[in-house]
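Dear colleague,

Here is the structure for your files. My notes on the ligand site and the cysteines come after it.

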Amino acid sequence: MQVEDLPYGAKWVPQCLDRLEQEALVDQIRQIAAEAPLFVPRMPKTGKPMSVRMTNCGPLGWVTTKEEGYRYQSKHPETGRPWPDIPQKLLELWSEYADYPLPPQACLVNFYEASAKMGLHQDKDEENFEAPVLSISLGDTCLFRIGGKNRKDPTRSFKLTSGDVMLLTNDSRLAYHGVDRIYPGTSSLLKRAGRINLTLRRVLQ
Ligand code: MD3
Ligand code: FE
């Protein structure tokens, strides 16, 4: 996989974060998950559980339930409490890479166990597609897949490793993407096998 093969507008910064920065972020995510426990997202209508567990920080968080489907809301779906703040380091990363005048409104925390994956999808629950999405990978390596704006467009796969950052702007913002597999034991960052992905987003204008 060559960087030039990425869809237009996608930028990949391999090893953007060093080990100490990654460890500090993991500590902060542990605190966030202690205040806002990981929940099992469920598919709209069917209620089928996703294999990834999630939580959020920031003014808004992405949630999904059988009854109400995909949405952003200011409170945890189970505790009813507001989401914890976005760590300063993540706000700084956004300032440095996003090239967008306003701060992120949502930070989704995805936790993948060894067998978890995420099917090919578009991120379309935001009102604002002008703002980029910034993603950070921590822990075990995953096989990431990205295509085009139509589900049938050809896709390309590459491995995202701990400390990698991806920025999705312009055409890539609505590209289909997913996580096909985790490679357990490829990183010693987390206590157990698994991967954490953080996605920073602007939701409203
Ligand atoms: C490409 N997360 O939370 S991050 C998601 O690794 C999501 O957990 C994946 O897809 C994960 O919605 C992928 C990289 C990523 C994030 C957002 C994108 C790629 C994207 C939005 C548009 C295109
Ligand atoms: Fe996505």
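Arginine 201 places a polar side-chain atom 3.1 Å from an oxygen atom of ligand 1. Please keep in mind that this is a predicted model. Two asparagines also face the ligand with side-chain N or O atoms: for asparagine 110 the distance to a ligand oxygen is 2.9 Å, and for asparagine 197 the distance is 3.4 Å. On its own, ligand 1 has 490 Å² of accessible area, and the protein covers 98% of that. The ligand occupies the largest pocket.

The shell around ligand 1 holds 20 residues, of which Asn110, Tyr112, His177, Arg195 and Arg201 come nearest. Sorted by class, nine residues of the shell are nonpolar, seven are polar and four are charged.

Which strands supply at least two residues each of that shell? They are strand 5 (106-112), strand 6 (118-121), strand 7 (133-139), strand 8 (142-146), strand 11 (177-182) and strand 12 (195-201). Strand 12 gives the largest share, with four residues.

I also looked at the cysteines. A search of the whole structure for disulfides returns zero. Cysteine 142 takes part in none, and the nearest cysteine sulfur to its own, that of cysteine 16, is 16 Å away. Why is cysteine 16 not bonded to cysteine 107? The sulfur of cysteine 107 is the closest cysteine sulfur to that of cysteine 16, but the two are 15 Å apart, and therefore too far for a bond.

Regards

Definitions and conventions:
Residues numbered from 1 in each chain as written. Chains lettered and ligands numbered in written order. Predicted model: local features only at pLDDT ≥ 70, side-chain atom pairs only at ≥ 80, totals over all residues. Heavy atoms only, no water. Near = heavy atom within 4 Å. Polar contact = N/O pair within 3.5 Å; in protein donor to acceptor, adjacent residues only side chain to side chain. Areas by Shrake-Rupley, 256 points an atom, 1.4 Å probe, with all protein chains shown as cover. 1 Å grid on protein atoms, 1.4 Å probe; cavity = no way out; pocket = protein on both sides within 12 Å on 5 of 7 lines; lining within 4 Å. Sits in = over half its atoms within 2 Å of the grid points. Nonpolar A, V, L, I, M, F, W, Y, C, P; charged D, E, K, R; others polar. Disulfide = S-S within 2.5 Å.
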